[in-house]
Structure formats: C-alpha cells, structure tokens
Amino acid sequence: MQSDQTTTVQYLKEQMKTFVRDRDWEQYHTSKNLASSVAIEAAELLELFQWLTVEDAQRLSLSDEELRVKIADEMSDVLLYLISLANVLNIDITSSVKSKLEKNASKYPRPVTDSPEAVKQTSASNSRS
Ligand SMILES: [Mg+2]
C-alpha cells in the first residue's frame, strides 16, 4: 500500500492526469471550474463539522472512524482538484509550497521565547535603538 512516505507529488499528478484523460474530462477541467471545485469540496469538508462544538469536533475527528473516513475523503477531493489545477496550469506544487512556507515564515516570524538568554538579547538590542 502506498503512503505519504513512499509516494511523490509527481506520481499523484500523473495519476490524476490519467484519470481525467481516460474519461475525456479535460474539457471540464478548466482553471475556473477547478478553482470552484476546490471551494465546493472544502465546503463539503467543513460540513462534516457543522453544528459540532469545538471540543466535540476535535474529539470525534480523532476517535470516530466513520467520521475520519468522511474527512479523509473530502480532504482527498480538495487535494485532487488542486492537483488537477496544478496540471492544467503547469504549476510545480512542491516548489510553490516551499516558496509559500518561506513567505509565511517571513510574515510570521517565530515568537521570541521568554528564556533568560532571549530576554537578555532583547534588552540589549532595545537599549541600542
Ligand atoms: Mg466531496
């Protein structure tokens, strides 16, 4: 059985491309339709948590196997449409994700810790400004 540890993004892209081509669905897999489908499937994922409290959602999503299968199915729907969108737009998912992680790291730097060493460094740099 394949897993995240043994499967490449390129393999998933090829699998999705073959799935779409075998059904002659390229005509429907336009960027607009695929972006819409991502949002629709994300709503289906969210629907699984509708009306649950935050605590129940957390507990059930970890313990209720039937719910976990439904969550995994909707997550897969979202991912498959994103993969198809990447195929249509010729976007390299890995380089895009890595680039976005770097942008996010710059935008949201790691918090300064309260360690005595960090406090000493913060005080020293503040006294210089
Ligand atoms: Mg779905």
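What share of the contacts in the protein with a separation of 6 or more comes from residues 24 or more positions apart? Residues that far apart account for 65% of those contacts. Keep that figure in mind as you go through the close-ups below, and remember that this is a predicted model.

**View 1. The whole chain, built from helices.** Start with the overall layout: the protein has 6 helices and 0 strands. Read from the N terminus, the elements go α-α-α-α-α-α. There are 129 residues in the protein, and buried ones make up 16% of them.

**View 2. The magnesium ion and its four protein donors.** Here you see the magnesium ion with E41, E44, E74 and D77 as its protein donors. The glutamates E41, E44 and E74 each offer an OE atom, while D77 offers an OD atom. These donors lie 2.1 to 2.2 Å from the ion. Along the chain, they follow the spacing E-x2-E-x29-E-x2-D. Now look at the pair from helix 2: E41 and E44 sit 3 residues apart there, which is about one turn of the helix. Is E41 buried or exposed? It counts as buried, because its relative accessibility is 10% and the cut-off for buried is under 20%. Its partner E44 has a relative accessible area of 29%, so E44 is partly exposed.

**View 3. The largest pocket.** This view goes to a pocket with a volume of about 510 Å³, the largest one. Its lining takes in 15 residues, and the ones nearest the centre are S3, D4, L12, S76 and L79. Two elements give two or more residues to this lining: helix 1, spanning 9–22, and helix 4, spanning 65–89. Which helix hands over the largest share of the lining? That would be helix 4, with 6 residues. Sorted by class, the lining of this largest pocket has 9 nonpolar residues, 5 polar ones and 1 charged one.

**View 4. T7, in the segment before helix 1.** Zoom in on T7, which is found ahead of helix 1. A polar atom of the T7 side chain lies 2.8 Å from the backbone oxygen of S3. S3 has already turned up among the residues nearest the centre of the largest pocket. If you set aside neighbours within four places in sequence, T7 is in contact with Q2 and L12. L12 is another of the residues nearest that pocket's centre.

**View 5. The second largest pocket.** Next comes the second largest pocket, with a volume of about 170 Å³. Among the residues lining it are M16, F19, W25, Y28 and H29, along with L80 and Y81. D77 belongs to this lining too, and you may recall D77 as a donor of the magnesium ion. Helix 1, helix 2 and helix 4 each supply at least two of the lining residues. By class, you get 7 nonpolar, 3 polar and 1 charged residues around this second largest pocket.

**View 6. S36 in helix 2.** S36 has its place in helix 2, which covers residues 31–47. The side chain of S36 reaches the backbone oxygen of K32 at 2.9 Å. S36 has 32% relative accessibility, so it counts as partly exposed. How many residues apart in sequence are S36 and Y81? They are 45 residues apart in sequence, yet 9.3 Å apart in space, C-alpha to C-alpha.

**View 7. W51, a loop residue with a positive phi.** W51 is found in the loop between helix 2 and helix 3, the latter covering 54–63. What makes its backbone worth a look? Most residues other than glycine have a negative phi. W51 is not a glycine, but its phi is positive, at about 75°. Because its relative accessibility is 80%, W51 counts as exposed.

**View 8. N90 and I91, side by side in a loop.** N90 lies in the loop between helix 4 and helix 5, with helix 5 running over 93–107. N90 also has a positive phi, near 55°, in a residue other than glycine. With 71% relative accessibility, N90 counts as exposed. I91 has its place in the loop between helix 4 and helix 5 as well. I91 comes in at 37% relative accessibility, so this residue counts as partly exposed. Not counting residues up to four places away in sequence, I91 touches K13, A86 and S96.

Notes
Residues numbered from 1 in each chain as written. Predicted model: local features only at pLDDT ≥ 70, side-chain atom pairs only at ≥ 80, totals over all residues. Heavy atoms only, no water. 1 Å grid on protein atoms, 1.4 Å probe; cavity = no way out; pocket = protein on both sides within 12 Å on 5 of 7 lines; lining within 4 Å. Points joined across faces, edges and corners; volume = space filled by probe spheres on them. Helix = DSSP H or I, 4+ residues; strand = E, 2+ residues; numbered from the N terminus. Nonpolar A, V, L, I, M, F, W, Y, C, P; charged D, E, K, R; others polar. Polar contact = N/O pair within 3.5 Å; in protein donor to acceptor, adjacent residues only side chain to side chain. Contact = heavy atoms within 4.5 Å. Donors = N, O, S within 2.8 Å, 3.2 Å for Na, K, Ca; no water. Buried < 20%, exposed > 50% of the residue type's maximum accessible area, 1.4 Å probe, protein only.
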